[in-house]
Structures are given as C-alpha cells and as structure tokens.
Amino acid sequence: MAFSGSSSKKRPAPSQGGTKSKKANVATTASKPEKKRSQPITKPAASSSKNSDVSEDEDEGDWEDVDENSEDAMDEDEQEDDENAMEVDSKEQRPKDPNASREGHKAQKALHEQRKAAKPHSSLLTDAKKVWSLAREKNIPTAERQKHVKNLMDVIRGKVKDIVFKHDASRIVQTAVKYGGQKDRDEIAAELKGKYKELAQNKYSKFLITKLIRLCPTHRTAILLEFQSQVLRMLLHREASSVLADAFELYANAYERSILLREFYGKEAILFNVTSGSEEDKERAKKGLSGVLEKANADQKKRIMQAVKENLTTIFNNSDKGAVTHAVVHRALWEYLSAINDIPDEAEQDKLRRDMFETCQEVLAEIVHTRDGSRAAREFLAQGTAKDRKQIIKVLKPHIERMCLDDEAQLVLFTALDVVDDTKLLAKSVVAPITEVVQKLYANSQGRRSLLYLLNPRTRRHFTPAQIATLAETDVIRAKTSKKSAESREEEIRKAASEDLIKWVAQSGSTLVREPTGTLIVGEILLYAEGDKSAAIQTLLKALAEPSESEDAAQEHPIDIAPTSRLYKTLLQGGHFNHTTKAIEQVPASVWDSTEFAAQFVEVVGKETTLGFCTGKGSGVFVVAELCEALVRGEKAKERGRVKSWFSDKVVKEIKASEVKGKDLLLEKLTLL
C-alpha cells in the first residue's frame, strides 16, 4: 500500500499531473567529436553508434536519476532507506486522522535526515552538490562556469580520495575534471595517486579514470604504471576492461601502450627487460614483443613465447568477458604471430600457429574490426590449410554485411577472396551475402569498395596505395599456400557476382544514374561484370531518353547531372581514361561492347532528345561526341547514317552559333560520320 501523501524527494507520476522531469543534458567539452573505439562487427547494429560503457558518453554515466532541481540528490543508500520506510508504513493501517498522517510523515522525514547526517562526509557532499548543480548547467557563460568550478574545487580539495567512490560524488569530481582547467585536472589526478586501479574497477569512478587518462597526459604514464601486474585481470574485469581498451586504442602513445602489453610477455620479460625506464628501454619497449626478444637467448625466447601463448589463451577461453574485442589483445596476438614467423624451424612455426588458431578460431569475428586483429585474421587465412580457411569463412559468414561496412574487417574479406581456392565456397558464403545487400552497400564508401573488389580488385581507381600495399602483404604467402592462379580466381569470383549485380542495375538503374555514388558502381558493373547486360542497358538508355526539357522544373534531366554525363561518356568510350598514359583503357569487347551500346543509344534515345543534348544547355555535347566516335570505331554504317541525317545544316549552324562547351569537338566528330 502506498503513502497517502508524497515525499518531497519523490517526483509525481505523470498520471498525477506532475511536471515531467527532464533528463540532464550533458554538454560536450570539445568542439570536435570525441574519439570512439572501433566497434566489433558482432555487436548489434542498433547499438553500433555508441562506443562502450565508458565511451558512450563519458559525461558522468546515467544522470537521469539525479534531480536537477534538488540540491542534495539521494544516493543509493538513502533511496533504500526511503523504500524500507515505505514498506514499514505500508504494513501499518492507514490512520483515519489526517493530522496523525501528517505527523507520521514529519517523523519519517526527520529520521531520514538523521540517517543522512550520520553518513561520512555528509556536510561536504551537501555543500559540493550545491555548487555542482551550478557548475554543470548547460547554457552559462564560460567565465561564470569557471567561477563555479573554482568554488567546487575549494569544497572538494583534499577530500577527493575520500568521496570519489560514491556514485553521486564521482559525478561531482567528473564535472570538475571536465570543465576545470589543466591545473585543476592535474591536482585531482595527483590527489588520486595510488587509487587508479581501484577507480578503474569501480562501477561509477571508471568514468572518472577514463577522463583523467584522456585529459591529463602528464599523469597518463603514472596511471598506466599502476595497472602493472594487474592488466590481464583488469581485462577480464567487467568495469576495468573498457578503461584499458579506451586507454590503449584512443589515448596512449607508443610507450604507454607498451606498458599495457608487458604483462602478456610474462614475468621474466617484465623483470629483466624493461625495468630501468631509461630512454633505451623505452625505445625497445615501443617495438613490442620483438623488442623484448631482441636480447633474449634461445631458452628465454621460448619461455617468453610460451607466456604470451598462455596469456592469450586465457583471454580467448574467457571470451564472454568481452576482452576479446579489445585492440590491446589484438596487438598482442599479432605480435605473437609475427614472432612465430621469425622462428627458423618451419615445423615449429606451423605447430605454434596451429595451436593459436585452434584457440581463437571460434572468436575470429570478434577481432577483425581493429588493424591488428584484421592482420591476425588475414595471417590465419593466408597461412591456413583449405580446411582452416573453410572454418574461418564459416565463422565470418553471419557477419558479412557488417564486415563490408568496416574499413579493417573488409580487408579480411578481400584476403579471403585472394587466397581461398574453393571459389564455389566463396560464391556461396562470401559473394552471395554481399550481392544480396547491394542496395545497402553502394551508397557507403566502404560498402562500395566491397562491391568493386568482386569485379576489379586492387584498382587504383577505387583503392588507395596504402590499401593495396596492405592487401599485398599476404601475396608471398599466397604463392606458397594457394594452388589456383590469381587471374583464374578473380575471373571465377567476378562471374559469381555478375548476375546479381547486373540484375540490380536492370531493376534500379533509372534511379542510380541520378546519384553520384550510383553512377560509380553502375559504370564498373557494366564495364567489368560478365553476362547478359541487355536489360540493364535498356534501363539506362530509357532513363536518358526522357525529353531534355522536362515539364517538372525541379526534376533535372540525367544528362545535366555531371557524374551521370560522365558515366554515359565512359560507357561509350569503352573504358576509363588513364591520366598517366593519356589514353582510354579499353575493356575487352567480349565483356563490354561500346559500339553496340552506341547503336542501341541511337535506337532508344532517338533524334529529338539527342539533338536537345547539343542545343539549349548543351550538357550532353561530350556524350554525343563520344557517340559519334563509337559509331565510327564500330563501323556501324546504318546508325552512322541516321545520326548524320539528324544534324542538318540548320542544326550545325545553330551549334556553331551557340556558346556550349565542347561544340568544336562535336563538330569535328560529326565530320567523321
């Protein structure tokens, strides 16, 4: 049974007509977006926009349970006291006398205040919350905010270590770190020295320690050094894991990252390799595992490698703890695999690599979203047997769409397309899942690359030199472990992808040619895909056959859209223009016949529309010029005659008198008809 009245601490329910409480709107400190950790492809898409418990919004965790208008918001214990009091009161019979009820509430409130005052640092927290409520206001001038922050620092100075582990007090300290100057932040960081590990493991103060790692670079090394000898345990800790992940991936420099990696190398490496902190040690530490192994003898190397293997196995065997997805683990794995490649005995290499693969094969989908995790997965693909590769593809198959949209994960897919000899398996498990979601992929730069790799892999037109160099890292291994030639594999993959892609253009081409991103993928499909393209060609030409002067002024004709115009020009040329050779790279006629496309252009687009391209705005002059060139090149006598008859002396004079760009080129091509 509920109280007949309401406590001053409780908000009225909406059904009681009370004012709706607003969630606290936490301001962003920086003008640019906060860096976010890379997201696992196995994470549900709905939550992919957020980073993690720590980085989602480091701004003090969940604020909505704190009343903005309350000077002294209740902590968890106080809420429990109220709930217990309500429970006791509900068991008693409700008094009929209103005065008795009122007296009961007064007594309950007095008891609550008494309990609250008896708690440690009660007066300090009350004073701090009064100033804190002012300092964290959103829309106040900077000078006024700094005044409130200064007052807040005066209240909590010297007491931060005592109050920081309480959930509400932790938020107070976070506000001081967030809005305070560098001197205030460093003062708080110095006061918390010796408690960093404990802070990272606390449900509330983990947000504070992440802020200190980000905003106090001079204290960052000291903070990470306090984690030493506890890194593996912290990685498997529910709260501390995300703190280490953010520190490693977002904020730490090379030496600071090496501090978090040391424990993977075993106690021997920690004791005898990087203890003095000299510049030489720091430089060697930046090299990671290879630096640790530099001066070790054969027996030491074996013990260190064994320690790395055991520590990684511990992480992978506890995949439910979430540490498998963190970049620090992926870096340790990649360093281990790289060290294996330096072992002179190939049999020993194979054994160690096999053991590690069997340990982590089921969780490979959890690691492909980071640079080092992607490299490790590609190493397993390149070095693996046909059975290993089949197992990897089986693990990755449910996540193909998400991998296509991730910069690092898609490189794993590309390597699979490069090294797997079983193209039937690739067609079913990799190619088909990609082409099935082409509509979702083409508008995104990463998704578009995933589609283009099926047709024309590693082309400089769509892939950067850095991406091509990264993919080429496995070519030497592929030559040893794959039997099929690269050319035949690419041809078979292209055939497997072509049918669905051509069908997609036939269905959606009229819309795609109006979009810059759509023209990119449509052009590559028509130039490089293999199969019957007649339906797709008809779709594109019908889209162009609309009257050049549309009745709808807001609807621009496709020829007036620059990317669309370039698309038709490229298709009529029969390939892309190479800026290095200053010539057209002609696609084989068996794949794309530009002269036949020109003949169908004449048939479908017709006289009136074609002439409209050359007069008025003249946006299609270069397209018509390429049309004439293609008809001459293909010796299409019938179509050449038709087009020549369209350009009567009157039309030619009109073109000469116009100011359209490219008219001289068009007139030159017309003389060849």
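1. Let us start with E530, which is partly exposed at a relative accessible area of 23%. A value under 20% would have counted as buried, so E530 falls in the class between buried and exposed, given its 23%. Please keep in mind while reading that this is a predicted model.

2. Which residue forms a salt bridge with E530? The partner is R494, and the closest N and O atoms of the two are 3.7 Å apart. This pair ties together distant parts of the chain, 36 residues apart: E530 sits in the loop between α30 (516-528) and α31 (534-544), while R494 belongs to helix α29 (residues 486-512). R494 has a relative accessible area of 16%, so R494 counts as buried.

3. You may also like to look at a group of charged side chains elsewhere. K150, D154, R157 and E187 are joined into one network by salt bridges that share partners. For the overall tally, the count of salt bridges comes to 30.

4. Another salt bridge to visit joins R375 and D372, at 3.4 Å from N to O. Both residues lie in helix α20 (residues 371-383), and their spacing of 3 residues is about one turn of the helix. Is D372 buried or exposed? D372 is buried, because its relative accessible area is 6%.

5. The salt bridge between the side chains of E239 and R238 has an N to O distance of 3.8 Å. The two ends fall in opposite classes. E239 has a relative accessibility of 9% and therefore counts as buried. R238 reaches 72%, so R238 counts as exposed.

6. Now to helix packing, beginning with α10 (residues 217-226) and α13 (residues 254-261). Their axes lie 9 Å apart, and the helices pack at an angle of about 15 degrees. Angles under 35 degrees count as roughly parallel, which means that α10 is described as roughly parallel to α13. The crossing of these two helices is left-handed.

7. Which residues of α10 and α13 meet? On the α10 side they are P217, R220, T221, L224 and L225, and on the α13 side Y255, E256, I259 and L260. Sorted by class, this contact has 6 nonpolar residues, 1 polar residue and 2 charged residues.

8. A second helix pair worth opening is α24 (residues 423-435) with α26 (residues 445-455). The axes of these helices come within 10 Å and cross at roughly 125 degrees. An angle has to be over 145 degrees to count as roughly antiparallel, and the range for roughly perpendicular is 65 to 115; therefore α24 is oblique to α26. Here too the label for handedness is given: α24 passes α26 in a left-handed crossing.

9. The contact between α24 and α26 can be followed residue by residue. V431, I434 and T435 come from α24, and they meet S450, L451 and L454 of α26. By class, the contact of α24 with α26 contains 4 nonpolar and 2 polar residues, with no charged residues.

10. Two single residues make good stops on a tour. H148 is found in helix α4 (residues 142-156). H148 counts as buried because its relative accessible area is 11%. Setting aside residues up to four places away in sequence, H148 touches V131, L134, A135 and I140.

11. The other stop is L667, whose place is in helix α37 (residues 663-670). With a relative accessible area of 16%, L667 is buried. Which residues does L667 contact, leaving aside its neighbours within four places in sequence? They are V652, I655 and K656. You can also pick out F647, which is 20 residues from L667 along the chain, with a separation of 9.9 Å between their C-alpha atoms.

12. Finally, here is the whole chain for orientation. The secondary structure of the protein chain comes to 37 helices and 2 strands. The chain has 673 residues, and buried residues make up 50% of them. Taking contacts between residues at least 6 apart in sequence, 73% join residues at least 24 apart.

Notes: Residues are numbered from 1 along each chain as its sequence is written. This is a predicted model: local features need pLDDT of at least 70, side-chain atom pairs count only at pLDDT 80 or more; totals for chains, interfaces and linings use all residues. Side-chain values use heavy atoms; hydrogens and water are left out. Axes are lines fitted to C-alpha atoms, for helices over the stretch in contact, and angles run from 0 to 180 degrees between N-to-C directions. Helices (H or I, at least four residues) and strands (E, at least two) are DSSP runs, numbered from the N terminus. A crossing is left-handed if the near helix is turned anticlockwise from the far one by less than a right angle, and right-handed if clockwise. Contact means heavy atoms within 4.5 Å. Ala, Val, Leu, Ile, Met, Phe, Trp, Tyr, Cys and Pro count as nonpolar, Asp, Glu, Lys and Arg as charged, and the others, Gly among them, as polar. A salt bridge is a side-chain nitrogen of Lys or Arg within 4 Å of a carboxyl oxygen of Asp or Glu. Buried means under 20% relative accessible area, exposed over 50%, partly exposed in between (1.4 Å probe, protein chains only).
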